[in-house]
Structure formats: structure tokens, C-alpha cells
Amino acid sequence: MKQKMIAVINDFSGFGRCSLMVSVPIISAMKIQCCGLPTAILSNHTGYPEFFFDDYTEKMREYYMNWKKLGLHFDGIYTGFLGSVRQVAIVEDFIKEFAEKDTRIIVDPVMGDNGRRYATIGDNLCREIRKLLPLSSIITPNLTEACLLAGIEYREPGADVEELRAIARKLRHHGASDIVITGINDGNDICDFVWQENGRCELMRQPSSGKAHAGTGDVFASIIAADAVNGVSFPQSVRRAAGFVGKSIALSDELGIPPQDGVCFEEMLGELVG
Ligand code: PXL
């Protein structure tokens, strides 16, 4: 059996356990070759008071055209944090160049959390990122990002299925296929709302395992991307990703890892090696 390959279009943040630093080990542990296309190089993610940020927009096309020359093909394309508005068009072109009939496209619209946008994410980028929805097989927004994409004001709805359904319907209207809205706080639980292209929807719930840590969306989406390429059903994959994130958070709190430093998924990578 031929080994599968995923291209991950995401930033490289040296410290803080997010983006490529998370995707490469997780996707590799799940036995898929992970190929990184950087959108920006940062010393650490933007959740810290200080960060070095080198936008990679001007270099991305030349970088990936060399992959074209090598004749590479991808079973999955997973996009995350984008460093500029123009990168949306670059991602669209990348998908046109490299996606084949069976390529799974996972779009994690990294824009914000807890009702607030990340430091480098402006209005134009939020609007532009919507253009990726019709190209996607799966999208993995958290609740904040889902509201930004749907064009509605964020408020913690708790797990109100009707409200979540209305948000998902808007995302479908913008062209999304399979959708999971992650990190919905409801009392002592944390929920993920799954809407499948076939119309089925499901609210998955687990007891909240600890503090909100940076980078958990990237851990989650990396597992979803690898499972999608490995042919695991979407709801099963969401359950697995949510379980892994929950356990990583619990362990991180136990080890006293500051929430801004992400989760110590390294301690648990073995669970993903199946
Ligand atoms: O984990 C999301 C993320 C990814 N990349 C960068 C970030 C963040 C969140 O803060 O700053 C650079």
C-alpha cells in the first residue's frame, strides 16, 4: 500500500505548540507523510505579548512551483493560519494545481478564539477566507471563527442546537461541505457540533478537562486531516480528535503548562500511532 501525503499550508511558529510544529508530528504519527508550505515564520504564536513575524506571501508560489516540478501529488491539503489577505488566492491556486479528484481539502479557518480575533487577522482576511469554503471537503472552525465566517455576532450560545444549526446552514450557504464547530462551552461540558454533507448533524459532548490552551485547534484539525486521508468516517474522527485534545489539556494542566504554551501532546503521541 502506498503511503499517503498531506500538504499542510500553515505558519511555522517556533515556540508555543501550534501550526506546523503540531501538524508535522501528529500527521507523521498517524503514518502520513507531512509536507509543509509555510505562510509565515514566527518566533512564537501571536498570543504572546511579543512576537517576530516574517510574512511568507512573496515566496509561497516559487516554493510550491518546485513541488510541481518534482511532480508531487497530495492525498490531502490542509490549510490553517494565513499571514496575509493575498495568501487566500495563493491557497486557491495551490488547490487548483495540486488537488486531484480524491484529494481531501481540510480548511481550518484560523482567525480567532473566545470571541476575539488573533492579532494579525483583519476584516479583509476574514472576508477573503470565506472563498476557501467552496473548495473544502471539511472545515474545522471554532465557535468564534464560525461566527466570523457566517457574518453573525459572537456570543456564547451554550450548546443550543438550533443556533448552531443556523450557523452551520450559513456556512453551507457559503459553500462548505462537512463542518465541525469546535470548542463550544456548555456548563461544565465542552461540545463539538458536527454537520455532515449528507444532512446529519450531531452535538458531541464531553466534560471540560481543564483550561483553554493555545494550539488545540491545530491539534484537532491535524487529526481530522490525517483521519480524512486514512478514510476514517467524519464523526468517528471528530470523537477521536476531541478525546485526544481533552486528554492533552488535562495532562497539560497536571504538569503545570501555561495555557499560552499549548498542550503537551508530545506525551501522548503514542495514542495516535495505530
Ligand atoms: O493556533 C492558532 C494560531 C496559529 N498560528 C499563529 C497564531 C495562532 C493563535 O494565536 O498566532 C501564528
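The exercises below work through a predicted model, each with a solution in steps.

## Exercise 1. The sheet

Find how many strands form the open sheet, in which order they stand, and which strands lie at its edges.

Solution.
- Step 1. The open sheet is made of 9 strands.
- Step 2. Their order is β3-β2-β1-β4-β5-β8-β9-β10-β11, with mixed pairing.
- Step 3. The edges are taken by β3 (53-55) and β11, each of which pairs on one side only.

## Exercise 2. Two pairs of strands

Determine in which sense β1 pairs with β4, and in which sense β10 pairs with β11.

Solution.
- Step 1. Strands of a sheet pair through backbone hydrogen bonds, and the sense can be parallel or antiparallel.
- Step 2. Strand β1 (residues 5-15) and strand β4 (residues 76-79) are parallel, with 4 bridges between them. For I6, the bridge partner in β4 is G76.
- Step 3. Strand β10 (residues 189-195) and β11 are antiparallel, with 7 bridges. Here D189 stands opposite P207 of β11.
- Step 4. β10 and β11 make a hairpin, with 5 residues between the two strands. In the turn, G199 has a positive phi of about 95 degrees.
- Step 5. As for what lies across β1, helix α1 (residues 20-29) does, and α1 also lies across β2 (33-44) and β4. The angle of α1 to β1 is about 135 degrees.

## Exercise 3. The two sides of helix α2

Sort residues of helix α2 into buried and exposed, and explain why the buried ones are on the same side.

Solution.
- Step 1. Helix α2 spans residues 57-69, and T57, M60, Y64 and W67 in this helix are buried.
- Step 2. These four are on the same side of α2 because they cover an arc of only 45 degrees around the axis.
- Step 3. E58, E62 and K69 are exposed on the other side of α2.
- Step 4. The cover over the buried residues of α2 includes β1, β2, β3 and α3 (86-98).
- Step 5. Just after the end of α2 comes G71, with a positive phi of about 75 degrees.

## Exercise 4. Nonpolar cores

State how many residues the largest nonpolar core has, which of them touch the most other members, and which element gives the largest share.

Solution.
- Step 1. The largest nonpolar core has 47 residues.
- Step 2. F74, F94 and L171 touch the most other members of this core.
- Step 3. Helix α3 provides the largest share of the core, 6 residues.
- Step 4. Take L171 and leave aside its neighbours within four places in sequence: L171 then contacts L133, I139, P141, A146, L149, A150, A176 and I179.
- Step 5. Another core lies apart from the largest one and has 37 residues, including I6, I26, V219 and A228.
- Step 6. As background, nonpolar side chains in soluble globular proteins tend to be buried together.

## Exercise 5. Salt bridges

Give the number of salt bridges, then compare the pairs E128 with K131, E162 with R165, and D186 with R205.

Solution.
- Step 1. The count is 15 salt bridges.
- Step 2. In the pair E128 and K131, the closest N and O atoms are 2.9 Å apart. E128 has a relative accessible area of 19% and is buried, while K131, at 41%, is partly exposed.
- Step 3. In the pair E162 and R165, the closest N and O atoms are 3.3 Å apart. Both residues belong to helix α6 (residues 161-173), where they are 3 residues apart, so about one helical turn separates them. R165 is partly exposed at 25% relative accessibility.
- Step 4. The side chains of D186 and R205 form a salt bridge with an N to O distance of 3.0 Å. D186 is in strand β9 (residues 178-186) and R205 in strand β11 (residues 201-207), so this salt bridge ties together parts that are 19 residues apart in sequence. D186 is partly exposed at 23%, and R205 is partly exposed at 44%.
- Step 5. R61, D93 and K96 belong to one network, joined by salt bridges that share partners.

## Exercise 6. Residue H173

Decide whether H173 is buried or exposed, and locate H173 in the fold.

Solution.
- Step 1. H173 is part of helix α6.
- Step 2. The relative accessibility of H173 is 69%. The cut-off for exposed is over 50%, so H173 counts as exposed.
- Step 3. H173 and L133 are 40 residues apart along the chain, and 9.5 Å separates their C-alpha atoms.

Note on methods:
Residues are numbered from 1 along each chain as its sequence is written. This is a predicted model: local features need pLDDT of at least 70, side-chain atom pairs count only at pLDDT 80 or more; totals for chains, interfaces and linings use all residues. Side-chain values use heavy atoms; hydrogens and water are left out. A salt bridge is a side-chain nitrogen of Lys or Arg within 4 Å of a carboxyl oxygen of Asp or Glu. Buried means under 20% relative accessible area, exposed over 50%, partly exposed in between (1.4 Å probe, protein chains only). Two strands pair if DSSP finds at least two bridges between them. Contact means heavy atoms within 4.5 Å. Axes are lines fitted to C-alpha atoms, for helices over the stretch in contact, and angles run from 0 to 180 degrees between N-to-C directions. The arc is that of the directions from the helix axis to the C-beta atoms. A nonpolar core is a set of buried Ala, Val, Leu, Ile, Met, Phe, Trp, Tyr and Cys residues joined through side-chain atoms within 4.5 Å.
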